[in-house]
Amino acid sequence: MEELKERIKREGVVASQQVLKLDAILNHQVDPALTMEMGREFAARFKADGVTKVVTVESSGIPVAFAVALELGVPMIFARRKKTLLADPDSYVERVPSFTKGIVTDLMLPKRFIKKEDRVLLIDDIIANGDAARGLVKIIHSSEATLVGTGIVVEKCFQSGAQSLRDQGIRLESLVRIQSLGEDGIVFAD
């Protein structure tokens, strides 16, 4: 997606060789038109896979996952990272480290929202080490639903997350792939 690459070049902030801040596009401020375009792109890529649910992790994955679900005409569900008073006690739970937060959290997804007959598309904003994605993959496998693939807005190729999913035989589609971050700025892989 050339428009997304251009926005990343203009508005992305290289915080370190490992961290790219995209809070002006994906995280704190969300561009609805760009988000809907990303949703249309993922929907087109996975249209033939019979997706029945789109799954993501709160909170940064929600806007894009919502756009994908809207385009596919299916529900979107998200795994919570924090237990609340209203949390469903009958949930799948996976403990995962968070690269950006530097802490370990529990991903929780109520069992009533994902069933064995579901065909699930996992959507997330950025993949670095892939811990959250692997946690969601474990939850999907625990539910006995079928994981049809993973859509990632920004893949950081220099970190192991995307490759670890591909090594498990999981189809992974990225809208933008970044080869490196550094003093020279953002270097795209393709």
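The following legends describe close-up views of a predicted model.

**View 1. The chain as a whole is built from six helices and 10 strands**. The radius of gyration is 16 Å, close to the 16 Å that the globule rule gives for 190 residues, so the chain is as compact as a globular protein of that length. Taken along the principal axes, the C-alpha atoms fill a box of roughly 50 × 35 × 30 Å. Of the 190 residues, 46% are buried, and the chain exposes about 9400 Å², of which carbon and sulfur atoms supply 50%. Among contacts between residues at least 6 apart in sequence, 62% join residues at least 24 apart.

**View 2. R81 is a buried residue without a salt bridge**. This arginine lies in the loop between strand 4 (76-79) and strand 5 (91-98). The nearest side chain of opposite charge belongs to D124 and is 5.9 Å away, and since a salt bridge needs the two charged groups to come within 4 Å, this pair does not count as one. The side chain of R81 does, however, make a polar contact of 3.0 Å with the side chain of T105. Leaving aside neighbours within four places in sequence, the residues in contact with R81 include V57, E58, V96, D106 and A132.

**View 3. T56 sits in strand 3 (residues 53-57)**. With a relative accessibility of 0%, T56 counts as buried. A polar atom of the T56 side chain lies 2.6 Å from the backbone oxygen of I123. Not counting residues up to four places away in sequence, T56 touches ten residues that are listed here in full: G61, I62, A65, M76, I77, F78, A79, I123, D124 and L136. The C-alpha atoms of T56 and S91 are separated by 15 Å, and these two residues are 35 residues apart along the chain.

**View 4. Helix 4 (residues 62-72) has buried residues that are covered by other elements**. The buried residues of this helix are V64, A65, A67, V68 and A69. What covers them includes helix 2 (23-27), helix 3 (32-46), strand 3, strand 4, strand 7 (119-127) and strand 8 (146-156). Helix 4 is followed by G73, whose phi is positive, near 70°.

**View 5. Two loops show backbone angles worth a careful look**. Most residues other than glycine have a negative phi, and most peptide bonds are trans. The peptide bond from E58 to S59 is cis, with omega near -5°, and S59 lies in the loop between strand 3 and helix 4. E144, which is not a glycine, has a positive phi near 70°, and E144 lies in the loop between helix 5 (131-143) and strand 8.

**View 6. Salt bridges, of which the structure holds 19, join charged side chains**. In helix 1 (residues 2-11), K5 and E2 lie three residues apart, about one turn of the helix, and their side chains meet in a salt bridge of 3.8 Å, N to O. K5 counts as buried at 9% relative accessibility, whereas E2 counts as exposed at 53%. In another salt bridge, the closest N and O atoms of K53 and D118 are 3.2 Å apart. K53 lies in strand 3 and D118 in the loop between strand 6 (103-110) and strand 7, so the pair ties together parts that are 65 residues apart in sequence. Both K53 and D118 are buried. Salt bridges that share partners also join E41, R45, D49, R171 and E173 into one network.

How values were computed
Residues numbered from 1 in each chain as written. Predicted model: local features only at pLDDT ≥ 70, side-chain atom pairs only at ≥ 80, totals over all residues. Heavy atoms only, no water. Helix = DSSP H or I, 4+ residues; strand = E, 2+ residues; numbered from the N terminus. Buried < 20%, exposed > 50% of the residue type's maximum accessible area, 1.4 Å probe, protein only. Lys, Arg positive; Asp, Glu negative; His and termini not counted. Polar contact = N/O pair within 3.5 Å; in protein donor to acceptor, adjacent residues only side chain to side chain. Contact = heavy atoms within 4.5 Å. Rg over C-alpha atoms; globule rule 2.2 N^0.38 Å. Areas by Shrake-Rupley, 256 points an atom, 1.4 Å probe, with all protein chains shown as cover.
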